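Q: I should like to learn how to read a structural model feature by feature. Could we go through one together, beginning with its sheets and ending with its ligand?

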Amino acid sequence: MISFALWCNFGQLLARAALSLAVVAISTSAVAPEAAWAAKAAKKTKDTGEVVEHLHVGQKVANYIRSFGVPDVLVLAIISALPVIELRGAVPVGIWMGLPLTVVLPACVLGNMAPILPLLLLLRNEKLKKLMGPILKRAEKKSASLGVGSIDKQWASLAAFVGIPLPGTGAWTGAMGAFLLDMPTTVALSSIFTGVVAAGGIMSAITLAGKKGGIAGLAILALLTAKELLSGGKKKEQNFLEADPYWDQSNVPVNVYKNKEPFTGKVVSTKRIVGPKATGETCHIIIDHQGKFPYWEGQSWGVIPPGVREKDGKPHSVRLYSIASSRYGDDMTGNTGSLCVRRATYWCPELKADDPAKKGICSNFLCDTQPGDEVNMTGPAGKVMLLPEEDPKTDYIMVATGTGIAPYRGFIRRLFVENTPAAKAYKGQAWLFLGVANSDALLYDDEFQDVKAKNPQQFRLDYALSREQNNKKGGKMYIQDKVEEYADEVFQKLDNGAHIYFCGLKGMMPGIQDMLKSVCDGKGINFDEWLKGLKAKKQWHVEVSYFVMS
Ligand code: NAP
C-alpha cells in the first residue's frame, strides 16, 4: 500500500514538472518575436564591445568571471548558483550576453539548483545551522507564509515562493524555508525545481517582453499555484492506514514492540517550538519508523534512553510519550511519528541553578537528538485516548496542560487538516483548552489558529496562561478556571454525548474535579453519579503524567 502511495507521488511529481515546463513553453512562445530582437541587440552589444553603463550586480559578477576566460554558459551557471543573484539575476545577463534562450534557461536552472541539495543537507549540521542563525531567522520570516497543512499545499506554496521573483524569495531562501518546515528532501527538491523553472519562464518573459510578458508569466504561475493550493490534498484521499470501516477499533495495534525487543527508529528532526520567554524548553521530535510501527491517534510510544542507570548499572527503564502526530505522520507518508517533549530540568534551591546531575535522562536525550540518531522505542501503548469515530457528529472537549497537548495535535490534524474518510465525515465540534505558563510557552499555536480560521464553526480554542492571566479570584489562571468560564456549555455538550479528554500534569486532576463538583453543586446535580455516568458511557478519558522527572 505504501509503495503504491509513493508511486502515486512520483507520478504527481512528473505531472508537476510537466506543468512547470509548460509555463516556460507558454511564456517563451508568447514573447518569441521580441526574443529574437533582444538577442540581436545583445549580440550587437557583445560584438561591438559597446560600453554598457549601469551594469547590475549580475552583469558585474559575470564580467569578472568572464575575465578569467570562462565560457559564457559556465559563467551563467555559476552566477545562477550564487545567492542574491540566482536565476532571476542570471537570465537577463544571459540574454544580454546574446545567448539563445534555449541555452540560457537550462544553464540558469541547473546553476540555480546546483547548491540546493548540498544546502538542504548541510543545514542539518548543528554547527552550520548556528553559523547561519541570522540568515535562517530572516528566511523563517520570509517563508512563514509557506504555512502548515498537507504536504501538497506546502509543495505548491514553496514552488510559488521560489517561482515569483520578489525580493527575499528564491531558491536559497526557499531551501531554508523547506528545512525549517521539515519538508522531506525529495519533496523540497521537486518543489524548488518547479519554482526555479517557473521563475526562469517569468524572468525570460520580463526580460524579453517587458511588463506584458512578466504579467503573462506571473498570471500562469498564479493560476497553477491556486489550482494546486485549492485542490492539493483534497483531490488525493489519504486512506492507506484506515481500518474498514475507518472507525473500527478492533485491530488497534498495542504493544507490538516490547522492552526486550524494542524498535529502533531514526530521528528526522528535533526542533524547539517555544519562544525565548517560555518557562522551559519544549521540542517537537519527528521519528522515522519506515512504516513498521503503526499507531493510532491518542496512543503513546515508549522510549528507552541509551546508557545505564547510575545507581545499579542496569539499562534505563522505558518512558512513555503521547504521540503528537496523526497515524500518517506530519509528512502524511505513514512512515513517521512525532513527539512533543519538554526538557526536564531540576532547579536546585541551594545552588539556585539547574542541577545537571538531576536532569531528566530521557527528555534530555530526546531534546538533544540530531537527525539520524537512533531511538529505541516500545509500544504503541494505550487505548484510553482514542477517538470514537463511529458517530461523526460527536463533540470533543480536549483539556491539556503543557506537553499534554500531544494527543490533541494528532486529533486536530485527523479531524481538520487531513483528507481521510474520518476528516471528511466529521460533523461535530472539537474544543481545545490548553494551559501553559505564558504566550511564549504556547504549543503549535500557529497550526491551531490556522485550523480555527478555516473551521470557525467546528473548532474552538481557549488558552489559560497561568503566569499572564488571573482567574476570577485573582489567582493564577489554571486550565480548570478556563473550563469553568464555559461550564454551562461544557455540561450541555457532555449531556448530549460529547467526549472529554484530559492530558498533561497529574496535578491538574484534583483541581478539575473540584471545579466540576462545584459546578454540579450549583446545578443541583450529584457529582459522583454524574461522573459515574460519563465513565460508564465511555465519555471520560484521562491520561495524566506517567512519570514526573524523566
Ligand atoms: P508545565 O509547563 O509545567 O505546566 C503547564 C501549565 O499547567 C502551566 O501553566 C502550569 O502553571 C499549569 N499547572 C501547574 N500545576 C497545575 C495544577 N495543579 N492545575 C492546573 N494547572 C497547573 O507542563 P509540562 O512541563 O509541559 O508538563 C506536562 C506534564 O504532562 C508532564 O509531567 C508530562 O509528563 C505530562 N504528560 C503526560 C502525558 C500522558 O500522560 N499521556 C502526555 C504528555 C505529557 P504554573 O507553572 O504557572 O504553575
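**Reading the sheets, the backbone and the ligand shell**

A: Let us begin with one bridge pair: in β12, the residue that partners Tyr396 is His499. Please keep in mind throughout that this is a predicted model.

Q: Which strands does that bridge pair belong to, and over how many bridges do they pair?

A: A bridge pair is best read together with its two strands. Here they are β9, residues 396-401, and β12, residues 499-504, which pair in the parallel sense over five bridges.

Q: What is the order of strands in the open sheet with parallel pairing?

A: The order is read from one edge across to the other. This open sheet has five strands, arranged β11-β10-β9-β12-β13, and the pairing is parallel. At its edges stand β11 (459-465) and β13 (540-544), each of which pairs on one side only. From one strand to the next, the twist averages 10°.

Q: Which strands does helix α19 lie across?

A: A helix is placed by naming the strands it crosses and the angle it makes. Helix α19, residues 508-523, lies across β9, β12 and β13, and runs at about 150° to β13.

Q: How many strands does the open sheet with antiparallel pairing have, and in what order?

A: The reading proceeds as before. This sheet has six strands in the order β4-β3-β8-β1-β2-β5, and its pairing is antiparallel. The edge strands β4 (319-322) and β5 (336-342) each have a single partner strand, so one side of each lacks a neighbour in the sheet. The twist here averages 40° from one strand to the next.

Q: How many bridges join β2 to β5, and which residue stands opposite Asp288?

A: Strand β2, residues 282-288, is joined to β5 by seven bridges, and the two run antiparallel. Opposite Asp288 stands Thr336 in β5.

Q: Where are cis peptide bonds found before Pro245 and Pro380?

A: The angle to read for a peptide bond is omega. The bond joining Asp244 and Pro245 is cis, with omega about -5°, and Pro245 is placed in the loop between α12 (185-231) and β1 (263-272). The bond from Gly379 to Pro380 is also cis, with omega near 0°; Pro380 lies in strand β8, residues 374-381.

Q: What is phi of Asn255, and where does that residue lie?

A: For this residue the sign of phi is the point to read. Phi of Asn255 is near 50°, a positive value in a residue other than glycine. Asn255 lies in the loop between α12 and β1.

Q: Which residues come nearest to the ligand?

A: A ligand site is read from its shell and then from individual atom pairs. Of the 24 residues around the ligand, Ser322, Arg342, Ser466, Arg467 and Tyr478 come nearest. By class, this shell has nine nonpolar, 11 polar and four charged residues.

Q: What distances separate oxygen atoms of the ligand from N or O atoms of Arg342, Lys476 and Thr403?

A: One should note whether the protein atom belongs to a side chain or to the backbone. A side-chain N or O atom of Arg342 is 2.7 Å from an oxygen atom of the ligand, and for a side-chain N or O atom of Lys476 the distance is 2.8 Å. In Thr403 a backbone N or O atom lies 2.9 Å from a ligand oxygen atom. On its own the ligand has 920 Å² of accessible area, of which the protein covers 82%. The elements giving two or more residues to the shell are β10 (430-436), β12 and β13.

Notes
Residues numbered from 1 in each chain as written. Predicted model: local features only at pLDDT ≥ 70, side-chain atom pairs only at ≥ 80, totals over all residues. Heavy atoms only, no water. Pairing = 2+ DSSP bridges. Helix = DSSP H or I, 4+ residues; strand = E, 2+ residues; numbered from the N terminus. Axes fitted to C-alpha atoms, helices over the stretch in contact; angles between N-to-C directions. Contact = heavy atoms within 4.5 Å. Near = heavy atom within 4 Å. Polar contact = N/O pair within 3.5 Å; in protein donor to acceptor, adjacent residues only side chain to side chain. Areas by Shrake-Rupley, 256 points an atom, 1.4 Å probe, with all protein chains shown as cover. Nonpolar A, V, L, I, M, F, W, Y, C, P; charged D, E, K, R; others polar.
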